[in-house]
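Here is a friendly walk through some side-chain contacts, a pocket and a few backbone details. Keep the structure open beside the text as you read.

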Amino acid sequence: MEENKGTKGVSAPLSHREGQGVGLLNRFLKQTKFTSVEDYNKNLEFIIPENFNFAYDVMDAWAAEAPEKLAILWTNDQGEELRTTFGQLKEQTDQAASYLQSLGIGKNDPVMLILKRRYEWWVVMLALHKLGAVVIPATHMLTKHDIVYRNTRASIKGIICVDDAYVMSQVEAAMPESPTVKVLIKVEEANDTSVSSSTSNTSLWHSWQNEWLQAPKFVKPAFVNTNDDTMLMYFTSGTSGEPKMVAHDYLYAMGHLSTGVFWHNLHEGSLHLTVADTGWGKAVWGKFYGQWFAGATVFVFDHEKFNADTLLRQIEKYKVTSFCAPPTIYRFMIREDLSKYDLSSLEYCTTAGEALNPAVFDKFKEKTGIQMMEGFGQTETTMTLGTFPWMTPKPGSMGIPNAQYDIDLLRADGTPCEDGEKGEIVVRVGDRKPIGLFKYYYRDEELTREAWHDGIYHTGDMAWRDEDGYYWFEGRIDDVIKSSGYRIGPFEVESALMTHPAVVECAITGVPDDIRGMVVKATVVLGKEWKDKAGEDLIKELQQHVKKETAPYKYPRIIEFVDELPKTISGKIRRVEIRNKDSKK
């Protein structure tokens, strides 16, 4: 991480605790406060500027009105710390934009970022927005094949990545098959100005550390973007098949205003931590757009390996007020002795990424007194369903539709579902695309038409709606198990299993069966105190437990104990991998 512009080690005023009330929200919303579901549904209305650009219209506006306000509090597992104000961040992003300009990066150029949780990711993201370039965040776990696929499919012009032996070797290996890539930039560790030993071909690489501060003063391009231009693209991690390229326009950033301000319930006094890798779409859900619309401070903990104790110590040390993580993280947190930590600073907790098991909700509330507020969305959307501050959460429910989307549940024949009936979650698209919904799958008209036709975007996710309008997740359409005429959603069985104290995590899949068509299988991760009890007796105990917790026909006839479940980079369980493995047995 680079020491620059006086940011390293600076104890900038903790103005995120003061709430200055500069009122940026009034520029983008007709009404900024809501007291009920009815109020929100009736009165949520965006004010859409012409040629909106988040970097200029939000971040530089904060820098002008509250330059000393803390924008980022970054720390890592080595004990380094960086506090950056909005004023300082503007200087850094202008400088970075000028540097990238000097290397030939400009409007509409696709640039892939492989930066883990390095501080520079936030700077580069905003710099590329200022140039009108297309940002493509990616995970550091990509192989040569993955990188060639992305470079070719998106005609990537530049790659900016961490100075990491594995990452750089994979990028280098991909270059002979990546003719569109013209610029490679490595971002070194703090205070490391030596020639990197992690790459065999240093002539390929520009050094961020040595070069970026040498660029001339930034001159904003005469024209940066329209609202319809492509700002951001994600290659979806996916649970099956090759990744899709999800293209978002510049209003996608505005779509996350409701994510940060209303679902996360953030304000200018918030210090917010979302656990997410920057290669995953959840990073811009929880560490970027919505949080800065609210004027909150983004807290970043840069670490190599997740450890619940270490994370809880960070929350305690820095007095984090708002926390969001996928259910997997909460599962491990509640198995710690939470009485050992001072979590009194926490005001609000949210979760998304996969459906939340009610048992996890109940245990976390029991230990902390805080109710988790669940949300739902996809790489193709912002938050489409959520539990908002003016609602009472129902453990395990995704909440209600976000007012910026017209959400419905449809049967297989396209007719609307009744309350209590399982169907596919869809977004009805009228004459104007909802703010936050993707543009299309880039360079794939057929795939776009499959998902989005007749004025309806099909999410591929199954749910049911109760009489109060709350939605309850069932699983992906492909994950639903058909056994002896019953349709069994994996989540309902997983939730039943999760109430047993032995179970840390589990995945429910279907296994072909000559008599029943399919039978339910549970792949289970046990708590460390239960691992030596794995065997037939525990299998029977878990089966009986499920029969008591839910309808008996749903119980897993097959149970396999494993050390960990296969997951995507975003933390979603890859049930398809379990199914494929079972099919080869």
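This is a predicted model. A good place to begin is K394, which lies over the face of Y470, 4.6 Å from the ring centre. A second lysine is placed in a like manner: K533 lies over the face of W530, with 4.5 Å to the ring centre.

**Aromatic rings**

Rings also meet other rings here, and the structure holds 35 aromatic pairs. One of them joins Y330 and F364: the ring centres are 5.1 Å apart and the planes stand at 80 degrees, so this pair is edge-to-face. Y330 belongs to helix α13 (residues 327–333) and F364 to helix α14 (residues 358–368), so the contact ties together parts that are 34 residues apart in sequence. Both Y330 and F364 are buried.

W464 and W472 give you a stacked pair to look at, with 5.5 Å from centre to centre and 10 degrees between the planes. How exposed or buried are these two tryptophans? W464 has 25% relative accessibility and therefore counts as partly exposed. W472 has 17%, which falls under the 20% limit, so W472 counts as buried.

Ring pairs can also join up into a bigger group. F28, F52, F54, W62, F86, W121, W122, Y252, F288, Y289, W292 and F293 are linked into a cluster in this way.

**The second largest pocket**

The second largest pocket holds about 450 Å³ of space. It is lined by 20 residues, and those closest to the pocket centre are L25, T32, K33, V261 and L266. What classes of residue make up the lining of this pocket? There are 11 nonpolar, seven polar and two charged residues.

**Salt bridges**

Side chains of opposite charge can pair when their charged atoms come close. In this model the count comes to 37 salt bridges. Three of them are set out below, with the N to O distance for each.

| Lysine | Acidic partner | N to O distance |
|---|---|---|
| K422 | E474 | 3.6 Å |
| K567 | E505 | 2.7 Å |
| K521 | D582 | 2.9 Å |

Take the salt bridge between K422 and E474. K422 sits in the loop between β17 (406–410) and β18 (423–428), while E474 is in strand β22 (residues 471–476), so the pair ties together parts that are 52 residues apart in sequence. K422 counts as partly exposed because its relative accessibility is 33%. E474, at 5% relative accessibility, counts as buried.

Now turn to K567 and E505, whose closest N and O atoms are 2.7 Å apart. Here the lysine K567 is in the loop between β27 (558–562) and α18 (575–583), and E505 is in strand β25 (residues 503–513), so this bridge ties together parts that are 62 residues apart in sequence. K567 has 28% relative accessibility and so counts as partly exposed. E505 has 4% and so counts as buried.

The bridge between K521 and D582 has its closest N and O atoms 2.9 Å apart. This pair links distant parts of the chain, with K521 in strand β26 (residues 517–526) and D582 in helix α18, 61 residues apart. Are these partners buried or exposed? K521 is buried, with a relative accessible area of 2%. D582 counts as buried too, because its relative accessibility is 15% and the limit is 20%.

Salt bridges can also form a network. D60, K90, D94 and K130 are linked in one.

**Backbone details**

Two loop residues deserve a look for their backbone angles. N51 has a phi near 55 degrees, a positive value in a residue other than glycine. You will find N51 in the loop between α1 (37–43) and α2 (54–65). With a relative accessibility of 31%, N51 counts as partly exposed.

What is the phi of K319? The value is near 60 degrees, which is again positive in a residue other than glycine. K319 lies in the loop between α12 (308–318) and β12 (322–325). At 41% relative accessibility, K319 counts as partly exposed.

Definitions and conventions:
Residues numbered from 1 in each chain as written. Predicted model: local features only at pLDDT ≥ 70, side-chain atom pairs only at ≥ 80, totals over all residues. Heavy atoms only, no water. Phe/Tyr/Trp six-rings, centres within 6.5 Å; stacked < 30°, edge-to-face > 60°. Helix = DSSP H or I, 4+ residues; strand = E, 2+ residues; numbered from the N terminus. Buried < 20%, exposed > 50% of the residue type's maximum accessible area, 1.4 Å probe, protein only. Lys NZ or Arg CZ within 6 Å of the ring centre and 35° of its normal. 1 Å grid on protein atoms, 1.4 Å probe; cavity = no way out; pocket = protein on both sides within 12 Å on 5 of 7 lines; lining within 4 Å. Points joined across faces, edges and corners; volume = space filled by probe spheres on them. Nonpolar A, V, L, I, M, F, W, Y, C, P; charged D, E, K, R; others polar. Salt bridge = Lys/Arg side-chain N within 4 Å of Asp/Glu carboxyl O.
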